[in-house]
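Trainee: I'd like a close look at one part of this model. Pick a stretch, go through it slowly, and tie it to the rest of the chain.

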Amino acid sequence: MAPNKFRVLVVEDDKGWSSDHKNNLREQGIKDIITADNAETAIKLIGEKNLTCVITDGLYGDWTEIAELGQKLGIPVILISQVAPEDVEDICDSAKTRGAGFFNKDDIDCSEKGLRKFYTDLAQEIRGSGGGSKEAPAF
């Protein structure tokens with residue numbers, strides 16, 4: 001992969017969220033985006049592609065395998081999933097243990113201005129990761 005080129009894997013089973021992630025990251029200058037709609041495909045792609053970052057949905061718990069592989073390979077993983085309020089603390093702890101960042105979809109401001117800020121911040125974090133950090137993204 002050429003210097004200053006960022007390759008992001010978006011793992012999302014909801015086509016709307018997948019499209020939002022791709023379109024908004026492209027608007028932020030992240031052009032090389034690969035997608036998967038399940039953990040099995042994602043794990044295969046993580047092993048084959050030179051990735052800067054993985055953004056994954058919870059995939060009914062399958063995100064843990066993705067995060068563990070990312071941590072093992074030094075690829076930052078960001079979990080963006082809808083989680084019930086009573087489960088947020090447990091998911092945060094689980095993500096941190098696996099070296100992943102976490103955002104609850106319910107907490108994302110889905111106004112145009114809110115999404116622009118969210119994806120601007122996300123793109124800055126991706127650019128800063130360089131694909132070599134084993135630490136959770138610092139949002």
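Mentor: One term is needed to begin. A helix here is a DSSP run of H or I with at least four residues, and helices are numbered from the N terminus. The part I pick is α3, residues 63-73. Keep in mind that this is a predicted model.

Place the helix in the chain. The protein chain has five helices and five strands. From the N terminus on, they run β-α-β-α-β-α-β-α-β-α. Of the 139 residues in the chain, 47% are buried. Take the contacts between residues at least 6 apart in sequence: 63% of them join residues at least 24 apart. The chain exposes about 7400 Å², and carbon and sulfur atoms supply 45% of that area.

Now the buried side of the helix. Trp63, Thr64, Ile66, Ala67, Leu69 and Gly70 are the buried residues of α3. They pack against β1, α2, β3 (53-56), β4, α4 (88-97) and β5.

Gly70 deserves a stop. Gly70 sits in α3. Gly70 counts as buried because its relative accessibility is 1%. Apart from neighbours within four places in sequence, Gly70 contacts Ile75 and Val77. Val77 belongs to the range of β4 (77-81). There is also a link in space to Gly99. The two glycines are 29 residues apart along the chain, yet 8.3 Å separates their C-alpha atoms.

Ile66 takes us into the core. The largest nonpolar core has 22 residues, and Ile66 is listed with Leu9, Val11, Ile46, Leu51 and Val54 as having the most contacts inside it. Six elements each supply at least two residues of this core: β1 (7-11), β2 (32-36), α2 (39-48), α3 (63-73), β4 (77-81) and β5 (100-104). There is a second, separate core of 19 residues, which includes Leu25, Ile55, Phe118 and Leu122. Go back to Val11 for the detail. Leave out residues up to four places away in sequence. Val11 then touches Ile66 of our helix, and also Ala36, Asn38, Ala42, Val54, Ile55, Thr56, Asp57 and Leu59. Ile55, on that list, is a member of the second core.

Next, a residue with more solvent access. Glu65 lies in α3. Why is Glu65 called partly exposed? Its relative accessibility is 43%, and the partly exposed class lies between 20% and 50%. Glu65 has a counterpart to check in α2, namely Glu40. Their C-alpha atoms are 9.3 Å apart, with the two positions 25 residues apart along the chain. Glu40 is in helix α2. At 69% relative accessibility, Glu40 counts as exposed. From Glu40, look also at Asp62: 22 residues apart along the chain, the pair has a C-alpha separation of 8.9 Å.

Now the two ends. After α3 comes Gly74, with a positive phi near 75°. Ahead of the helix is the loop between β3 and α3, and Leu59 lies in it. Most residues other than glycine have a negative phi. Leu59 is a non-glycine residue with a positive phi, near 45°. Tyr60 is in the loop between β3 and α3 too. Its phi is also positive, near 55°, and Tyr60 is not a glycine either. Their burial is where to look next. Leu59 is buried, because its relative accessible area is 6%. Tyr60 counts as exposed, because its relative accessibility is 82%.

This loop leads to the pocket. The largest pocket has a volume of about 160 Å³. Both Leu59 and Tyr60 line it, along with Glu12, Asp13, Asp14, Trp17, Asp57, Gly58, Ser81, Gln82 and Lys105. By class, the lining has three nonpolar, three polar and five charged residues. Two of the lining residues, Asp57 and Leu59, are also touched by Val11.

Put it together. The buried residues of α3 pack against six elements. Ile66 is one of the residues with the most contacts inside the largest core. Glu65, in the same helix, is partly exposed. Before the helix, the loop carries Leu59 and Tyr60, both in the pocket lining. After the helix comes Gly74 with its positive phi.

Technical notes:
Residues are numbered from 1 along each chain as its sequence is written. This is a predicted model: local features need pLDDT of at least 70, side-chain atom pairs count only at pLDDT 80 or more; totals for chains, interfaces and linings use all residues. Side-chain values use heavy atoms; hydrogens and water are left out. On a 1 Å grid over the protein atoms alone, a cavity is a set of points where a 1.4 Å probe fits but cannot get out, and a pocket is an open set with protein on both sides within 12 Å along at least five of seven lines; lining residues have an atom within 4 Å of a point. Grid points are joined across faces, edges and corners, and a volume is the space filled by probe spheres set on the points. Ala, Val, Leu, Ile, Met, Phe, Trp, Tyr, Cys and Pro count as nonpolar, Asp, Glu, Lys and Arg as charged, and the others, Gly among them, as polar. A nonpolar core is a set of buried Ala, Val, Leu, Ile, Met, Phe, Trp, Tyr and Cys residues joined through side-chain atoms within 4.5 Å. Buried means under 20% relative accessible area, exposed over 50%, partly exposed in between (1.4 Å probe, protein chains only). Contact means heavy atoms within 4.5 Å. Accessible areas come from the Shrake-Rupley method with a 1.4 Å probe; for residues, only the protein chains shown count as cover.
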